[in-house]
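Here are a few worked exercises to try with the coordinates open. Have a go at each task before you read its solution.

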Amino acid sequence: VQLQASGGGLVQAGGSLTLSCALSGNIFRLDAVGWYRQGPGKQRERAALNLNDGRTNYADSVKGRFTISRGSISRDNAKTTVYLQMNNLQLEDAAVYSCYARIISRQYWGQGTLVTVSS
């Protein structure tokens, strides 16, 4: 299972950014995907989670501003993409964002992508 995150960058406060995470490999029994983040001097926190039954869960700090979504899994090449749409970004949203996948209770992580928010 491979996860490749992208889309980080520099954005002004109040702006928007969309992160993408390309999943590939043996992902047919994927049961959850999500985004975690870790800001400077902060503990890692789960920003958003999407379950196989369609339910989503967000950290209180991002509710109403972030949206997680994912595409269907292609049967041809066992790939899908997970997105994190981030709107009205605030200084405190600056962090390294990592995508996450859970497959039959095993957890997989992608490398982080850096989001920087300027005032």
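Let's settle one term straight away: buried means under 20% relative accessible area, exposed means over 50%, and partly exposed is in between (1.4 Å probe, protein chains only). You're looking at a predicted model, where local features need pLDDT of at least 70, side-chain atom pairs count only at pLDDT 80 or more, and totals for chains, interfaces and linings use all residues. Residues are numbered from 1 along each chain as its sequence is written, and side-chain values use heavy atoms, with hydrogens and water left out.

**Exercise 1. Work out which rings Trp109 pairs with, and how each pair is arranged.**

Step 1: get the rules straight. Rings of Phe, Tyr and Trp (its six-membered ring) pair if their centres lie within 6.5 Å; planes under 30 degrees apart count as stacked, over 60 as edge-to-face and the rest as tilted.

Step 2: search. The whole structure yields three aromatic pairs. In one of them, the ring centres of Tyr36 and Trp109 are 4.8 Å apart with the planes at 65°, so call this pair edge-to-face.

Step 3: place that pair on the fold. Strands (E, at least two residues) and helices (H or I, at least four) are DSSP runs, numbered from the N terminus. Tyr36 sits in strand S4 (residues 30-38) and Trp109 in strand S10 (residues 106-109), so the pair ties together parts that are 73 residues apart in sequence.

Step 4: check accessibility. Tyr36 comes out at 15% and is buried, while Trp109, at 32%, is partly exposed.

Step 5: look at the other partner. Tyr100 and Trp109 have ring centres 5.0 Å apart and planes at 55°, so this pair is tilted. Tyr100 is buried, with a relative accessible area of 5%. Put together, ring pairs link Tyr36, Tyr100 and Trp109 into a cluster.

Step 6: don't forget the charge. A charge sits over a ring if NZ of Lys or CZ of Arg is within 6 Å of the ring centre and within 35 degrees of the ring normal. Arg44 lies over the face of Trp109, at 4.3 Å from the ring centre.

**Exercise 2. Describe the surroundings of Arg65.**

Step 1: locate it. Arg65 belongs to the loop between strand S6 (56-58) and strand S7 (66-70).

Step 2: is Arg65 buried or exposed? Its relative accessible area is 12%, so Arg65 is buried.

Step 3: find the polar partner. A polar contact is a pair of N or O atoms within 3.5 Å; within protein, one must be able to donate a hydrogen and the other to accept it, and residues adjacent in sequence count only if both atoms are side-chain atoms. The side chains of Arg65 and Asp93 make such a contact at 2.7 Å.

Step 4: list the rest. Contact means heavy atoms within 4.5 Å. Leaving aside neighbours within four places in sequence, Arg65 touches residues including Met86, Asn88, Gln90 and Asp93.

Step 5: follow up Asn88. This residue lies in the loop between S8 and S9, is partly exposed at 39%, and has a positive phi of about 50° although it is not a glycine.

**Exercise 3. Map the nonpolar cores.**

Step 1: define one. A nonpolar core is a set of buried Ala, Val, Leu, Ile, Met, Phe, Trp, Tyr and Cys residues joined through side-chain atoms within 4.5 Å.

Step 2: take the largest. It has 30 residues, and those with the most contacts inside it are Leu23, Trp35, Phe66, Leu84, Met86 and Tyr97.

Step 3: see who contributes. Elements giving two or more residues to this core include strand S1 (2-6), strand S3 (17-24), strand S8 (79-86) and strand S11 (113-118). The top contributor is S9, with five residues.

Step 4: look for another. Apart from this core lies one of five residues, among them Ala32, Tyr36, Leu49 and Leu51.

**Exercise 4. Find the disulfide and say what it connects.**

Step 1: search for cysteine sulfur atoms within 2.5 Å, the cut-off for a disulfide. The whole structure has one.

Step 2: name it. Cys21 is joined to Cys99, S to S 2.1 Å, and with 55° about the S-S bond the link is right-handed.

Step 3: place it. Cys21 is in strand S3 and Cys99 in strand S9, so the pair ties together parts that are 78 residues apart in sequence. Both cysteines are buried.
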